[in-house]
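Me: I should like to learn how to read charged pairs, pockets and nonpolar cores in a structural model. May we begin with the charged side chains?

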Amino acid sequence: TENILRPLGMLNTFYEYSKVPAAQLALGYRWINNAWRDEPLLHDGSYGAMGGMLTTIEDFSKYMALYQTAWPPNSSAPNKIIKRSSLREMYHPWMVAGAFIQTKTNGRECAVVSGYGFGLGWTKDCDGKTTVGHSGGLPGFGSQWVILPEYGIGVVSFANRTYAGTGGINLRVIDTLISVAGLKPLQLIPSPILSQRTLEIVKLLPDWKNAENSGIFAENFFPDNPIDSLRKQAAAIFANAGNILRVREIVPENQLRGRFILEGEKKNIEVFFTLTPENPPLIQEYRIREIAK
């Protein structure tokens with residue numbers, strides 16, 4: 001409560017139901033013998049770990065928002081509760097759980113792989129959408145929350161029926177939100193080294209002068225890419241493009257890989273490169289191609 005709930009502003013969240021004002025307390029029920037039966041509330045104890053927190057949608061949204069601050073990785077001021085990198089470790093799939101077919105809202109079948117992080121479930125579907133979250137349940141209640149880190153959205157559902165399954169409801173809500181609003185994944189912020197290597201590559205193109213002595217390429221690069229071939233390829237592409245008018249900012253695929261566009265008078269040029277996972281990262285892969293304006 002002191003280290004997580006209060007700093008997040010979760011002022012209406014409790015572990016003991018007797019502390020909740022009676023007028024604000026949702027009661028739980030079980031459907032049995034074709035009738036609803038009251039379920040006795042459980043005091044805080046051993047069952048608390050599987051869903052014993054009493055909260056509101058408004059409060060719990062603040063908890064979900066904490067996880068959203070961890071993506072995309074960035075260098076903004078840290079929060080006071082936990083490192084963003086630790087949150088990303090929590091929802092990284094450290095253990096593969098399985099694969100299954102999921103039916104989307106429009107009836108389309110979609111393959112999904114699932115895994116488990118540190119206390120959080122993880123899935124990635126056939127469209128490349130990653131979800132992170134967890135379900136909970138106690139006699140009288142069921143819940144599930146899920147966030148899509150790369151989209152910056154999340155959905156949570158609470159139900160006061162024993163072990164009510166709300167995951168399917170959340171899936172339909174997510175599919176509808178993305179479809180109707182036309183949502184796209186959040187764009188990664190380029191790492192400083194990606195931006196630096198972009199400028200260095202631009203300075204070398206198209207003649208690759210002194211490239212072998214520049215110190216920015218990995219040891220495998222020139223054995224894999226003979227310098228005469230690099231020059232010949234770049235010269236032909238630049239000739240077709242005409243004068244270069246502008247260099248667009250690199251679009252990261254991750255913090256060590258990305259692509260950028262050189263806007264030419266006649267054609268544009270796309271450059272893709274990958275850096276090695278060392279300090280400092282060096283260019284180990286490079287591709288260049290002509291694309292239509």
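Me: Which residues are linked in a network of salt bridges?

Reply: Side chains of opposite charge can pair when their charged atoms come close. In this predicted model, Lys104, Arg108, Asp125, Asp127, Lys129 and Asp175 are linked in such a network.

Me: How many salt bridges does the structure hold?

Reply: The structure holds 15 salt bridges. One of them joins the side chains of Arg197 and Glu200, at 2.8 Å from N to O. Both residues lie in helix α4, 3 residues apart, which is about one turn of the helix.

Me: Is Arg197 buried or exposed?

Reply: Burial is read from the relative accessible area, with buried meaning under 20%. Arg197 counts as buried because its value is 4%. Its partner Glu200, at 21%, is partly exposed.

Me: Which residue forms a salt bridge with Glu263?

Reply: The partner of Glu263 is Arg246, with the closest N and O atoms 2.7 Å apart. This pair links distant parts of the chain, since Glu263 belongs to strand β11 and Arg246 to strand β9, 17 residues apart. Glu263 is buried at 14% relative accessibility, whereas Arg246 is partly exposed at 45%.

Me: What may be said of Arg287 and Glu285?

Reply: Their side chains meet in a salt bridge of 2.6 Å, N to O. Arg287 is partly exposed, with a relative accessible area of 44%, and Glu285 is also partly exposed, at 29%.

Me: Turning to the nonpolar interior, which residues have the most contacts inside the largest nonpolar core?

Reply: A nonpolar core is read as a set of buried nonpolar residues joined through their side chains. The largest one here has 27 residues, and Leu205, Trp208, Phe217 and Val271 have the most contacts inside it. Helix α6 gives the most to this core, with 6 residues. Beyond its neighbours within four places in sequence, Leu205 is in contact with Ala234, Phe238, Leu262, Val271 and Tyr286. Apart from this core lies another, of 16 residues, among them Leu5, Leu8, Met64 and Leu66.

Me: What is the volume of the second largest pocket, and which residues are closest to its centre?

Reply: A pocket may be described by its volume and by the residues that line it. The second largest pocket has a volume of about 410 Å³. It is lined by 28 residues, of which Gln102, Thr123, Thr131, Gln144 and Val146 are the closest to its centre. Elements that each supply at least two lining residues include β3, β6 and α3. The lining divides into 12 nonpolar, 12 polar and 4 charged residues.

Key
Residues are numbered from 1 along each chain as its sequence is written. This is a predicted model: local features need pLDDT of at least 70, side-chain atom pairs count only at pLDDT 80 or more; totals for chains, interfaces and linings use all residues. Side-chain values use heavy atoms; hydrogens and water are left out. On a 1 Å grid over the protein atoms alone, a cavity is a set of points where a 1.4 Å probe fits but cannot get out, and a pocket is an open set with protein on both sides within 12 Å along at least five of seven lines; lining residues have an atom within 4 Å of a point. Helices (H or I, at least four residues) and strands (E, at least two) are DSSP runs, numbered from the N terminus. Ala, Val, Leu, Ile, Met, Phe, Trp, Tyr, Cys and Pro count as nonpolar, Asp, Glu, Lys and Arg as charged, and the others, Gly among them, as polar. A nonpolar core is a set of buried Ala, Val, Leu, Ile, Met, Phe, Trp, Tyr and Cys residues joined through side-chain atoms within 4.5 Å. Buried means under 20% relative accessible area, exposed over 50%, partly exposed in between (1.4 Å probe, protein chains only). Contact means heavy atoms within 4.5 Å. A salt bridge is a side-chain nitrogen of Lys or Arg within 4 Å of a carboxyl oxygen of Asp or Glu.
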